[in-house]
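Work through these exercises with the structure in view. Try each task before reading its solution.

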Amino acid sequence: MNGDPQRDPVPDQAVAADERLLEAHERALRGRGDRGDRHRPLAIGASLIALALFSGVYLERYTGHFSPLIFDENAKPLKGELVFKIDPVVLGQRYYGAECVACHRSQGEGSPGIYPPLAGSEWVNGPPGRVIRIVVYGLRGKVRVEGNDFSASTMPVYGRILNSGHNWSDRKIAAVLTYIRQEWGNKADPISEDDVAAVRKAVGNRDAMSEDELELVK
Amino acid sequence: MNGEWTPNDSASRGPLLLLLAFGILWLVVSAGLGIIASFQLHEPEFLSEYAILTYGRVSALCETAFVYGWLANAGLALALWVLGRLSGEPLRAQNWAVAGTLLWNASVAAALVGVASGDATGFEFLGLPSYVQLVMFFSYGAIAVAGLLAWSGRIRRVSFASHWYAVAALFVFPWILSVVHVMLFAAPARGVLQAIVAGWFARSAWALWLAPLSLCAAYYVVPKATGRVLPAYGYAAPGFWCLILVGGLAGGRHLVGGPVPAWIPSVAAVSCVLLLFNAFVVALNLRCAFSSKAVELRFISVGIGAYVLSAVADSLTTFRAVAERTQFTHADEAQGQVALYGAASMILFGGIYHALPLITGKAWYSARLVVAHLVLAVSGIILLVGSLCLSAFVQSRGLLDPHVQFSEIFQHARPWLLMATLARAVLLLGSTVFLANFVLTACGISEAYRPASLGPPSTLEAPGP
């Protein structure tokens, strides 16, 4: 690699002694004494600039602008407020599976004579005010669904009202209702969080509904 | 040419020989432990009934003895020697250095006992139990006092590349050890931050401490042994600052795909790439070593080659596309060996072969043993890194294929792991030869006694200018 005296600097004096070593290199630093040095400073400087350029581009591209919340190197931080869009059917399915499925069964078929069905039920597909009231306040007494009478059990109170057993938020109730109104062949309109809130505000705290009271709701 | 002996050398003989003796002793201990650990990779039942000798502890023992025993002692010995010689005066504060050395090695021994009894911390490069860390902090400081006094009290006010690297290494280790002690043990950071701090420590220990210690020796020995001014020396300072400023930023390179913000591995990648400049400058400055026939420069040229190779391998494997394949395979171990054995240790070997005749005033006991060590060390490290790379290749292919059973990967990697054990045995043999030659030289049993001031012994032939 060296060997060629034309290419590599040879000091005037040997660098064997330590003072000579220090002297010779100090001279080399000041640009003297490096006789025959053919290294192209431009080439070395250019390599450093190239590395620096690469670094800048890489950092701009793959660091998520140094955001502590970005874990994917290809992502960029979001501008403005982060808005999550949640599908109420998916959310409702999760709550249905955790709670309602125990009585109304996985296909919304209920249990004959005990728990009314939801699939094809005129209550579920009927006016939103009725189903909202059933879930928020519960239902006590006899109810007639798809031509069959059910009176053996009670629908519990789910709404966020006084003495509620479950205290579900309006959003949770809206999601479950939207889910049961669009699943198993049901084709009713979705119910929004505001619909539930409006009913809760209008009715206030009260005990469980009965079939007769519900039928007054249009 | 290279054998110019000064009275200052013999005046500072005591602490330097003590550091070197401990260093080489730990090297042999670590090589022995390395064989056990490597053997357990292909024979998992080997010694598994003794808790002390299970794989986790033996590999931590091997690493601790190597880094804190061998590399630290030998690197400090050469740094003190170089700083002392460049200062033009006998080493000052020698009693500090001796006390520090004794305390440091006592704490290395305590750390090994601690690791063996199950107190290892589980962090890479930092198997040291937390209770020895403070002692190591202060004993390192005591040794560093001698080096810093030699630097600040130098007769000629100019500074040389070896100065920069040595002084950086003297300051950096207490800094990184104290930071990591507070953040991982005294007041532990929580969760992911621990992995980030541990990664930063492991990287800094190499890039800011061990690499500068060995480069200090290389920058001194190469011009001394060749008698030439370093070519392109003007770039040595930018190369040095490149290492110091960006070297520690690559701590996150093993956290690719981990639960850390994306910028941490990305900054690590950029840091590794920028360090190519440092490796490039080092190779450019020290390339006279490659054409020299002096045996110490043979060691050092292998070391410089490995240093460049390690920088290239680091910057390749830090990118996500490559890291996905090399992570969790033996590629990591291979890279560690290239850096710690191929680069740092080979340069330190060369430095010791150059320095010891001057420190003791005697030629090496046996020139043949020096050549034997060169052959064994070079073939051992090539065999070790080669077999680990092949094992990594097999593992990487298998681990990415969901249809391949884990035990199958092991079966396929097994032949290469056997080869790695063979390589470890070669390295142990080389280290033992080195220890024997050192002991025989230092004890003065040398028959080929001649004052080094009369000229170099035959093995240390330097080319004329």
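**Exercise 1. Chain A in outline**

What percentage of the 218 residues of chain A count as buried? Then describe the chain's secondary structure and surface.

Solution. The model is predicted.
- Step 1: of the 218 residues of chain A, 37% count as buried.
- Step 2: chain A has seven helices and two strands. Along the sequence they run α-α-α-α-β-β-α-α-α.
- Step 3: take the contacts in chain A with a separation of 6 or more; 54% of them join residues 24 or more positions apart.
- Step 4: the exposed area of chain A is about 12800 Å², and 54% of it comes from carbon and sulfur atoms.

**Exercise 2. The nonpolar cores**

Find which residues touch the most other members of the largest nonpolar core. Then look for another core.

Solution.
- Step 1: the largest nonpolar core holds 157 residues. B:Tyr68, B:Trp70, B:Phe201, B:Trp206, B:Trp209, B:Tyr219 and B:Phe349 touch the most other members.
- Step 2: helix 7 of chain B, residues 192-226, gives the most to this core, with 22 residues.
- Step 3: another core lies apart from it, with 33 residues. Its members include A:Val131, A:Leu139, A:Ala175 and A:Tyr179.
- Step 4: go back to B:Trp70 and leave aside neighbours within four places in sequence. Its contacts include B:Trp26, B:Leu27, B:Phe349 and B:Phe434. B:Gly23, B:Gly75 and B:Ser345 are also among them.

**Exercise 3. Two helices that cross**

Work out whether helix 10 and helix 12 of chain B are roughly parallel or roughly antiparallel.

Solution.
- Step 1: locate helix 10 at residues 295-317 and helix 12 at residues 331-360 of chain B.
- Step 2: their axes come within 7 Å and cross at roughly 160 degrees.
- Step 3: angles over 145 degrees count as roughly antiparallel. Therefore helix 10 of chain B is roughly antiparallel to helix 12 of chain B.
- Step 4: the crossing of helix 10 past helix 12 of chain B is left-handed.

**Exercise 4. A loop residue**

Place B:Arg156 in its loop. Is B:Arg156 buried or partly exposed?

Solution.
- Step 1: B:Arg156 sits in the loop between helix 5 (130-152) and helix 6 (161-186) of chain B.
- Step 2: its relative accessible area is 28%, so B:Arg156 is partly exposed.
- Step 3: B:Ile143 is 13 residues away along the chain, and the two C-alpha atoms are separated by 23 Å.
- Step 4: leaving aside neighbours within four places in sequence, B:Arg156 is in contact with A:Glu19, A:Leu22 and A:Glu23.

Conventions: Residues are numbered from 1 along each chain as its sequence is written. Chains are lettered from A and ligands numbered from 1 in the order in which they are written. This is a predicted model: local features need pLDDT of at least 70, side-chain atom pairs count only at pLDDT 80 or more; totals for chains, interfaces and linings use all residues. Side-chain values use heavy atoms; hydrogens and water are left out. Helices (H or I, at least four residues) and strands (E, at least two) are DSSP runs, numbered from the N terminus. Buried means under 20% relative accessible area, exposed over 50%, partly exposed in between (1.4 Å probe, protein chains only). Contact means heavy atoms within 4.5 Å. Accessible areas come from the Shrake-Rupley method with a 1.4 Å probe; for residues, only the protein chains shown count as cover. A nonpolar core is a set of buried Ala, Val, Leu, Ile, Met, Phe, Trp, Tyr and Cys residues joined through side-chain atoms within 4.5 Å. Axes are lines fitted to C-alpha atoms, for helices over the stretch in contact, and angles run from 0 to 180 degrees between N-to-C directions. Angles under 35 degrees count as roughly parallel, over 145 as roughly antiparallel, 65 to 115 as roughly perpendicular and the rest as oblique. A crossing is left-handed if the near helix is turned anticlockwise from the far one by less than a right angle, and right-handed if clockwise.
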